[in-house]
Amino acid sequence: INHLLKKQNVARASSVAGKTRSVDMLEVNERLVITDLPGLPSRDHQVERMWDSSWRPLTLQYLRDCRAIRAMLYVHDIRWKISYMIRDFLRDVEETGVPVLLVLSKDDKLLVEAENMGTTQHELRTKMSNAVFRALSYQGVHIHYSCDNSLPFSRNARRQILRYIEQLSALSSREESAQFLEDVAAKKRSKASPGKNS
């Protein structure tokens, strides 16, 4: 969020995923409030009990009850496998009717990993992205993201997310938002596979 808004320390970040213990609402302008919710527990399963007993029910209640929500950006480190907790949580989010835009973060870290594996960054990105999509049965809109401003794709990804947020905030319901994201995803799929009906 700090990188997206070009602000320092607007959103507090914990060094351990899942340790954030607050719900922060950030008023961007008169039309837009970004809510930073606690993240899911990290891969080493710290604070799992706290997530299951407190944060997960709170997050889902917020998503169900706040009808002004247009969409949820789910940020996932592209290098991490999808756990059952993530899969279950996103299934529950889907049941609330809130559409999800998937942000695959830490994309810049793939360059070193790809070199160590003797492959290209693009091939590794494709492999890891497909693993995430399969694990989530996800065909929606996704963006590869990095906070490294020296990389052109990072700057482009930031601008693309801001465009999506602006477009979503102009819509009047989460149902319209879901349709908008579905249309964008369908268009991207048809571009990716020309000549096939989508």
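In the predicted model, three strands assemble into an open sheet with the order β3-β4-β5 and parallel pairing. The edge positions are taken by β3 (72-77) and β5 (142-144), each of which pairs on one side only. Direction ignored, neighbouring strands of this sheet are turned against each other by 20 degrees on average. Strands of a sheet pair through backbone hydrogen bonds, in either a parallel or an antiparallel manner. Between β4 (residues 100-105) and β5, the parallel pairing extends over 3 bridges, and Val 103 stands opposite Ile 143 of β5. Helix α3 (residues 84-96) lies across β3 and β4, and its direction makes an angle of about 170 degrees with β3.

Within strand β4, Leu 101 was examined for its surroundings. Leu 101 has a relative accessibility of 1% and therefore counts as buried, since the category covers values under 20%. When residues up to four places away in sequence are not counted, the contacts of Leu 101 comprise Met 72, Leu 73, Tyr 74, Tyr 138, Val 141, Ile 143, Tyr 164 and Leu 181. One of these residues, Ile 143, is 42 residues from Leu 101 along the chain, with a separation of 8.0 Å between the two C-alpha atoms.

Tyr 164, which is among the contacts of Leu 101, also takes part in an aromatic interaction. A pair of aromatic rings is described by the distance of the centres and the angle of the planes. The search of the whole structure yielded 3 aromatic pairs. One of them, formed by Tyr 164 and Phe 180, is edge-to-face, with 6.4 Å from centre to centre and 75 degrees between the planes. This pair links distant parts of the chain, as Tyr 164 belongs to helix α6 (residues 152-169) and Phe 180 to helix α7 (residues 174-192), 16 residues apart. Both Tyr 164 and Phe 180 are buried. A further contact involving an aromatic ring is made by Arg 125, whose charged end sits over the ring of Phe 153 at 5.7 Å from the ring centre.

The cysteines were also considered. The structure holds 0 disulfides. Cys 66 has a relative accessible area of 24% and is therefore partly exposed, whereas Cys 147, with a relative accessibility of 53%, counts as exposed. The latter assignment follows because the exposed category applies over 50%.

Terms used
Residues numbered from 1 in each chain as written. Predicted model: local features only at pLDDT ≥ 70, side-chain atom pairs only at ≥ 80, totals over all residues. Heavy atoms only, no water. Phe/Tyr/Trp six-rings, centres within 6.5 Å; stacked < 30°, edge-to-face > 60°. Helix = DSSP H or I, 4+ residues; strand = E, 2+ residues; numbered from the N terminus. Buried < 20%, exposed > 50% of the residue type's maximum accessible area, 1.4 Å probe, protein only. Lys NZ or Arg CZ within 6 Å of the ring centre and 35° of its normal. Disulfide = S-S within 2.5 Å. Pairing = 2+ DSSP bridges. Axes fitted to C-alpha atoms, helices over the stretch in contact; angles between N-to-C directions. Contact = heavy atoms within 4.5 Å.
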